[in-house]
Amino acid sequence: MTAKLSNAQIAWRAAQDIADGAYVNLGIGFPEMVAKFQPPGRQAVFHTENGVLGFGEAPAPGTEDWDLINAGKKAITLKPGAAFFHHADSFAMVRGGHLYVAILGAYQVAETGDLANWSTGPKGVPAVGGAMDLVHGAKRVAVLTDHVTKDGKPKLVEKCTLPLTGVGCVTRVYTSLAVVDIEDGHFVLREKVAGLSFDDLQAVTGAKLHFDGPVADIDVPEV
Amino acid sequence: MDKRIATLAEAVADIPDGATVMIGGFGGSGAPIELIHALIDRFLATGSPKDLTVINNNAGNGHVGIAALIEQGMVRKMVCSFPRSADPRVFTDRYLAGEIELELVPQGTLAERIRAGGAGIPAFFTPTSFGTDLAKGKPVQEFEGRSYVMERWLKADFTLIKAELGDHYGNLTYRMAARNFSPIMAMAGAKTIVQVTRAVEPGGIEPENVITPGIFVDAIVEVPAPAQEEALNRANAHYPEVQA
């Protein structure tokens with residue numbers, strides 16, 4: 001099969017869709033990489049749900065201030081124009097529709113827009129954090145993910161089998177093989193990696209891929 | 001009017017067995033470590049308080065702060081959104097052994113339940129958790145074509161938080177992202193006890209800059225140079241100190 005995109009390349013592709021001045025929440029882990037790939041001339045304002053807008057890069061080791069952290073509890077720095085606020089205000093920004101996009105990871109995404117990304121089942125200690133809040137309210141909810149699981153099973157499915165984070169919430173999925181929108185309960189294919197046939201892509205996708213126009217090759221540099 | 005209290009021991013002296021206690025902080029940021037440790041000191045000396053219900057975003061990290069409170073067996077139940085951390089073993093072991101109860105609440109719902117508790121709103125509807133396992137058994141209602149889950153307020157007998165500046169009236173400021181849950185927990189506690197890094201005279205905080213008005217605060221105790229949970233954990237600290 002054709003080479004798939006790296007996580008950094010998936011993050012790069014997602015970053016191209018973020019407008020200048022957009023307010024953006026990046027999920028903990030892989031989605032945090034999106035911040036590195038903003039196109040020149042565009043500057044998003046990043047929100048972290050523990051109560052900061054306008055944070056920047058991680059500080060140099062040894063210069064951390066542990067009162068200044070992100071939702072992943074990593075030390076951050078501030079950009080000029082940053083703001084602090086309490087937790088109820090922070091989630092008002094989320095649920096109140098004030099974010100342009102929330103970009104999250106996923107275990108499974110269904111063609112209905114259902115998302116499973118918080119629990120792999122009943123074992124161990126359950127922990128949800130802000131996952132169930134972040135899927136509601138942002139104008140767009142985008143997911144970054146490998147197209148299939150480590151053992152090759154589709155992550156884009158008709159119906160999630162893992163515990164749901166939210167119902168009908170995802171609007172766009174950036175995978176290692178494709179860019180797919182979710183519209184009216186369907187996966188609509190927008191882009192795929194060059195050289196990958198539609199049949200091969202459909203074979204690793206757990207629900208029908210629809211079209212409503214031309215499908216472009218994903219144009220991503222080495223990053 | 002002077003809400004200052006001289007010592008940490010006096011500040012936490014009234015918290016009884018079985019109390020519900022909100023504790024500020026998100027991870028280590030904003031955690032009132034010295035107030036928590038004063039509670040542990042009292043327990044080690046008197047056997048109280050125990051059977052506590054603790055409300056915090058997390059369930060402790062390492063062997064200090066909330067983790068130490070749990071390690072002493074003082075906590076019957078945790079209400080939190082994310083009982084994981086760099087070193088969550090103290091909570092995890094007790095949870096898996098059935099020795100501590102967990103009420104798992106989505107983070108924004110936790111914040112809004114606390115805010116509602118402080119604002120006199122017994123319940124509210126939120127889109128968060130609709131259609132998920134965490135909405136099971138909760139009333140659902142449709143508004144303008146979307147479904148919402150009813151959630152109830154959260155209140156506490158006592159709130160323990162850390163602030164940066166505090167004056168005699170209990171007016172408070174916070175330091176950076178250490179603010180997190182503290183302003184709403186201050187509202188939701190029947191008695192709110194605050195460790196402040198610097199106590200100032202009335203007027204020492206510009207009214208424009210007050211984040212928590214003193215009406216929500218009952219007691220302040222000055223703790224200069226408070227410990228940071230993250231720094232304690234990086235030094236592998238235990239509370240009380242483990243004798244070598």
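What follows is a short exchange about a predicted model, covering the contact of chain A with chain B and the sheets of both chains.

Trainee: Let's start where the chains meet: which element gives the largest share of the side of chain A that touches chain B?
Mentor: The contact draws 29 residues from chain A and 39 residues from chain B. On the chain A side, the elements giving two or more residues are α2 (87-95) and α3 (131-134). The largest share there is five residues, and it comes from α2(A).

Trainee: By class, how many nonpolar residues has that side of chain A?
Mentor: Five of its residues are charged and eight are polar. The nonpolar ones number 16.

Trainee: Are α2(A) and α5(B) parallel or oblique to each other?
Mentor: Look at the axes of α2(A) and helix α5 (residues 107-119) of chain B: they come within 9 Å and cross at roughly 125°. Angles over 145 would count as roughly antiparallel, and 65 to 115 as roughly perpendicular. The pair fits neither class, so α2(A) and α5(B) are oblique.

Trainee: And which residues of α5(B) make that contact?
Mentor: The crossing of these two helices is left-handed. From α2(A) come His87(A), Ala88(A), Phe91(A), Val94(A) and Arg95(A). By class, the contact has four nonpolar, two polar and three charged residues. The α5(B) side consists of Gly108(B), Ala111(B), Glu112(B) and Arg115(B).

Trainee: Over to the sheet of seven strands in chain B: which strands stand at the edges?
Mentor: The sheet is open, its pairing is parallel, and the order is β4-β3-β2-β1-β8-β9-β10. From one strand to the next, the twist averages 25°. Two strands have a single partner each, so one side of each is left without a neighbour in the sheet; these are β4 and β10 (219-222) of chain B.

Trainee: Which residue in β3(B) stands opposite Val54(B)?
Mentor: Strand β2 (residues 52-55) of chain B pairs with strand β3 (residues 75-80) of chain B in the parallel sense, over four bridges. Across from Val54(B) in β3(B) is Met78(B).

Trainee: Which helix joins β2(B) and β3(B) in a β-α-β unit?
Mentor: That unit is right-handed. Its helix, residues 66-71 of chain B, is α3.

Trainee: Carrying on from β3(B), which helix makes a unit with it and β4(B)?
Mentor: β3(B) and strand β4 (residues 101-104) of chain B run parallel and are joined by four bridges. Lys77(B) has Glu101(B) as its bridge partner in β4(B). The β-α-β unit these strands make is again right-handed, and its helix, residues 89-96 of chain B, is α4.

Trainee: How many bridges join β8(B) to β9(B)?
Mentor: Strand β8 (residues 156-167) of chain B and strand β9 (residues 189-200) of chain B run parallel. One of the bridge pairs is Gly166(B) with Ala199(B) in β9(B). The bridges number ten.

Trainee: Back to chain A: which strands are the edge strands of its sheet of three?
Mentor: This sheet is open too, in the order β7-β6-β9, and its pairing is mixed. Each edge strand pairs on one side only, and the two are β7 (115-116) and β9 (156-157) of chain A.

Trainee: In what sense do β6(A) and β7(A) pair, parallel or antiparallel?
Mentor: Val109(A) has Leu115(A) in β7(A) as its bridge partner. Strand β6 (residues 108-110) of chain A meets β7(A) over two bridges, and the sense is antiparallel.

Conventions
Residues are numbered from 1 along each chain as its sequence is written. Chains are lettered from A and ligands numbered from 1 in the order in which they are written. This is a predicted model: local features need pLDDT of at least 70, side-chain atom pairs count only at pLDDT 80 or more; totals for chains, interfaces and linings use all residues. Two residues are in contact if their C-beta atoms, placed from the backbone, lie within 7 Å. Ala, Val, Leu, Ile, Met, Phe, Trp, Tyr, Cys and Pro count as nonpolar, Asp, Glu, Lys and Arg as charged, and the others, Gly among them, as polar. Axes are lines fitted to C-alpha atoms, for helices over the stretch in contact, and angles run from 0 to 180 degrees between N-to-C directions. Angles under 35 degrees count as roughly parallel, over 145 as roughly antiparallel, 65 to 115 as roughly perpendicular and the rest as oblique. A crossing is left-handed if the near helix is turned anticlockwise from the far one by less than a right angle, and right-handed if clockwise. Two strands pair if DSSP finds at least two bridges between them. A crossover is right-handed if, with the strands pointing away from the viewer, the path from the first strand over the helix to the second runs clockwise.
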